[in-house]
4 protein chains.
Amino acid sequence: MRSPTVKLLISCPDTRGIIAAVTSFIARHQGNIVELDQHTEDSSGQFYMRIELERAGFALSDQSFSGEFSPLARTFAMQWRATWDLADGGGKRIVICVSKEGHCLSDLLYRWQSGELEASIVAVIGNHADLAPLALAAGVPFIHLPIIEGDRQRQEAAMLAKLDELSPDLVVLARYMQVLSPVAVKAYHHRLINIHHSFLPAFVGPKPYHQAFARGVKIIGATSHYVTDELDAGPIIAQSVAHVGHRDGVADMIRIGRDLERVVLAKAVRLHTCDKILVGGNKTVVFD
Amino acid sequence: MRSPTVKLLISCPDTRGIIAAVTSFIARHQGNIVELDQHTEDSSGQFYMRIELERAGFALSDQSFSGEFSPLARTFAMQWRATWDLADGGGKRIVICVSKEGHCLSDLLYRWQSGELEASIVAVIGNHADLAPLALAAGVPFIHLPIIEGDRQRQEAAMLAKLDELSPDLVVLARYMQVLSPVAVKAYHHRLINIHHSFLPAFVGPKPYHQAFARGVKIIGATSHYVTDELDAGPIIAQSVAHVGHRDGVADMIRIGRDLERVVLAKAVRLHTCDKILVGGNKTVVFD
Amino acid sequence: MRSPTVKLLISCPDTRGIIAAVTSFIARHQGNIVELDQHTEDSSGQFYMRIELERAGFALSDQSFSGEFSPLARTFAMQWRATWDLADGGGKRIVICVSKEGHCLSDLLYRWQSGELEASIVAVIGNHADLAPLALAAGVPFIHLPIIEGDRQRQEAAMLAKLDELSPDLVVLARYMQVLSPVAVKAYHHRLINIHHSFLPAFVGPKPYHQAFARGVKIIGATSHYVTDELDAGPIIAQSVAHVGHRDGVADMIRIGRDLERVVLAKAVRLHTCDKILVGGNKTVVFD
Amino acid sequence: MRSPTVKLLISCPDTRGIIAAVTSFIARHQGNIVELDQHTEDSSGQFYMRIELERAGFALSDQSFSGEFSPLARTFAMQWRATWDLADGGGKRIVICVSKEGHCLSDLLYRWQSGELEASIVAVIGNHADLAPLALAAGVPFIHLPIIEGDRQRQEAAMLAKLDELSPDLVVLARYMQVLSPVAVKAYHHRLINIHHSFLPAFVGPKPYHQAFARGVKIIGATSHYVTDELDAGPIIAQSVAHVGHRDGVADMIRIGRDLERVVLAKAVRLHTCDKILVGGNKTVVFD
């Protein structure tokens, strides 16, 4: 088992001496860096850094860190966040939203149950009740929030209230077939991950496998991304593809695609819960 | 070395007994089938078949085949073609059109020189002269047809005249940066292959790697396809992809993409010259 | 939903007229071929063919087929088998053997529950009881056959007796960590599929991810294969790989590998249950 | 065009404060870090770091660096090297050794001619003369060193003398079909790259595609690695694979494999010439 760490994520305009200043600050406070990743994007001149240091021995605490680090952060105009691994090892709190397709939910539940996920699935919300048994069999509460008489607004309000109550660190749309309103998207800015069943930006919107079949592509894919107001246009976290041929009809593409979706969504969840993603503009910097 | 064969490609509405009728016809004329591929597309009910039989021992010749086979073909409303391997092993005649980027041309020339290509490159046409040395070093005539004062129409007319003279079985646009007119497209219907440097249908049109970088995709690709009147929208033959990350700028994508383009274009050329592609609607059936 | 079919698999020395003879036989009995795949291996001169025809309208039955087909089969010295889709759609009977690792079992159970598997999982046998809850939650009997005081021989005898009773069409070793005796292997010749967590023939035997880490490979893989007497040396059905880097320790390889194993094993199960595999010597011909 | 940089590669036992000490040293000498990569291998406790800083503005020169950096390096028991980009942009000097297969040579020559390779190919050495025209057409001297009457020892001595004269930074065995003696291997320790046409450690030694065909694998591969005394057992730099099927005979595998070999060898050459590889034990840390 890995020992608990502190993760420090930084983004700022590039200039001389950022790494030296930050690593010296950490050394001064007896921190031991176990991993440092850094990237400067040439085109934008933006600097990104992720540092993971051992929690044991580090002289600063979750409470004292901000006060000590702020002057340095201001000098470099940093956007930053630091995450302390909890002593109980519980990790981040995840809520999963679903409709009727269960392959992604089933996959995430199994990863969680088998200890692969360094996070907790605290609830599953469904606009249909079909997947309640899957959640309940894994011991996770299932909250059924149906859309009554097409009143999606009321249902979303109920969902937002429920999420507010659950206060998740991450909301996962695991083939949730409803488009969220700008209010919901804003409330979970960069904490709301969707899986889209195509290699974006190809085949935005509904029925991408049907679109792929009609176009006659030889490769299909899946994309996990943060949700933004524009449909299927948020920052991409992970993508995967599979080769298909003329023998593969829509049903085959759906079957092959399910395996892509499960892996690509699970990867995004892992990267997010391990604080390995920095968002810059409409892109992600993934330190894995 | 493989012995010479005859390739018979058939497409028709599906019904009972097509395979039995055709294979019995071949057996009756002492043909020995070395490969048979067949596919029926469920959604359209269209039947596709490719048969490769030994030329040696087959009682029919290039001249007599059509007369004997026509009654059967009519019965099933077949579209068909048969190709006799030449005794001289020369294979199909290819003309390659280029602009300034030489990686695809260089690749195809090397494959041809080393005997991998079962076809002949008879000429290279360039609207720029930059790649003349590459062609000439390989002993292939280079025809420079520059666009003078923006008069693309006149240049295309010259190109069509030249192609007419060369009478190629296949015209390859190996990063030829001009859009052909409907007249040119029609003249080489299903004999005109382009390489596009994205996984279509994503990033149609110019500068796809710049588009990919701006979108922040984690996968880039390349697509070879038959050219139709709509830009980058013709039947796809082959696609390939590579993973990229936040460290990969546009220049890296271009570098990585070059390797995809070379392989994907060479694959399309091989499939076409070995008569392994059937086109149905806007899709390809590739028997490989 | 696809309509029921009959699958006919044939293997024999190559000669003229096999395809014509078989397809004419089928046509004569009003059979409608929906898929024909054929392959002749140049080096061995062995001919392989798989034909799928509609059950509806075919004049022969499961009972009458053999008598009618045998003369033809004898002419060409064929090894053959024909499988009739059942009216009840139940498909083949599968028994899964497990130890403690549940990711492959969980995956197969979900595919079965969601209707992806065109077959039935009739029982799970474990030499440990750890995975009983997984099986039972899916409504599948779990049979615990522990190895007592190292007496593997007695345990295997019990397992063979149990399998005899269950009479499965396919036995799947889903990370079952015991080597079977030649008796067991022989009893389920070409009906016993194992998943090995490396790209065979690299890293045969125990702890392949540890071996891979020690060797410093940049790619890891998984292989599904029919079991033969020689360890991890049977005919390979499917393989898949993933890229790894210096940051990936053994634990990461195990995590990444689990996703490969699940997909590669599920693929082998699907290919076997759909009668898409022919075995020739120590190799498979997979008509997919 | 990128501006010239200095690359500093460090390896030492892990301890607190290495990154802070090194980056502060660089900041003190007005260095601007454009890229920093760091990795600590858990199992061995070894620390690896690569820093790339702008040459412009850096107060230390190729001559003065060592004297200033040595005290710090001693403190942490570092193995290190620093490389100054040359003003003339020539990059590292490469000699390529070949036999009769030209696809890797042709590929590297084209990359060099088109400016993709940030290094210079200064000579090609062949034990056969077949590839002389390829080298000469690219303007690279070809040195023919045939093996006379099986006297490989004498030929290798001649080769070593020639290499001594050429003083390359990197020797590439581009399908050079001779095993080098320990003397030669030692002389170019970690500067000698080979391409092996299998995914090592599978199919070590001669004719790996024949071995792969005989084993019936569904995936073939290629591996570039540093050469050590044990055949095909040196530190792996890059690997790639392609799917194959029952239709692919040995000749197809060779054809498909050529494309893998070219890309995997070119990748290793690029990584080496850009100083992106650190070797630890029998493994590589690749900062790309």
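This passage describes how chain B and chain C meet in a predicted model, and then turns to helix α3 in chain A and chain B.

The interface between chain B and chain C brings 19 residues of chain B into contact with 19 residues of chain C. The size of an interface is often given as the accessible area lost when the parts come together. For chain B and chain C the buried area is about 1,500 Å², and carbon and sulfur atoms give 43% of that area. Within chain B, the residues that lose the most area to chain C are R16(B), L36(B) and Q38(B), which together account for 33% of what that side buries.

As to the kinds of interaction, the rule finds 0 salt bridges across the interface of chain B and chain C, whereas 6 residue pairs are found in polar contact, with both residues of each pair at pLDDT 80 or more. On the side of chain B that touches chain C, the elements giving two or more residues are α1 (18-28) and β2 (33-41) of chain B, and the largest share, 6 residues, comes from β2(B). By residue class, this side of chain B divides into 7 nonpolar, 9 polar and 3 charged residues.

The arrangement of the two copies was examined by superposition. Chain B is superposed on chain C by a rotation of 180 degrees with 0.0 Å of shift along its axis, at an RMSD of 0.0 Å, and the two copies are thus related as by a two-fold rotation axis. Of the interface residues of chain B, 100% are also interface residues in chain C, so the copies meet through the same surface.

Helix α3 was considered next. In chain A, this helix spans residues 103-113, and because 9 of its 11 residues are buried, the helix is largely enclosed by the rest of the structure. The buried residues of α3(A) are H103(A), C104(A), L105(A), S106(A), D107(A), L108(A), L109(A), Y110(A) and R111(A). Just after α3(A), G115(A) takes a positive phi of about 85 degrees.

In chain B, helix α3 likewise covers residues 103-113 and contains L109(B). L109(B) has a relative accessible area of 3% and is therefore buried, the cut-off being under 20%. When its neighbours within four places in sequence are left aside, L109(B) is in contact with I121(B), L134(B), A135(B), A138(B) and V140(B). The C-alpha atoms of L109(B) and A137(B) lie 9.7 Å apart in space, although the two residues are separated by 28 residues in sequence.

How values were computed. Residues are numbered from 1 along each chain as its sequence is written. Chains are lettered from A and ligands numbered from 1 in the order in which they are written. This is a predicted model: local features need pLDDT of at least 70, side-chain atom pairs count only at pLDDT 80 or more; totals for chains, interfaces and linings use all residues. Side-chain values use heavy atoms; hydrogens and water are left out. Contact means heavy atoms within 4.5 Å. Buried area is the accessible area (1.4 Å probe) that two parts lose on being put together, summed over both. A salt bridge is a side-chain nitrogen of Lys or Arg within 4 Å of a carboxyl oxygen of Asp or Glu. A polar contact is a pair of N or O atoms within 3.5 Å; within protein, one must be able to donate a hydrogen and the other to accept it, and residues adjacent in sequence count only if both atoms are side-chain atoms. Helices (H or I, at least four residues) and strands (E, at least two) are DSSP runs, numbered from the N terminus. Ala, Val, Leu, Ile, Met, Phe, Trp, Tyr, Cys and Pro count as nonpolar, Asp, Glu, Lys and Arg as charged, and the others, Gly among them, as polar. Copies are superposed by least squares on the C-alpha atoms of residues with pLDDT of at least 70 in both. Buried means under 20% relative accessible area, exposed over 50%, partly exposed in between (1.4 Å probe, protein chains only).
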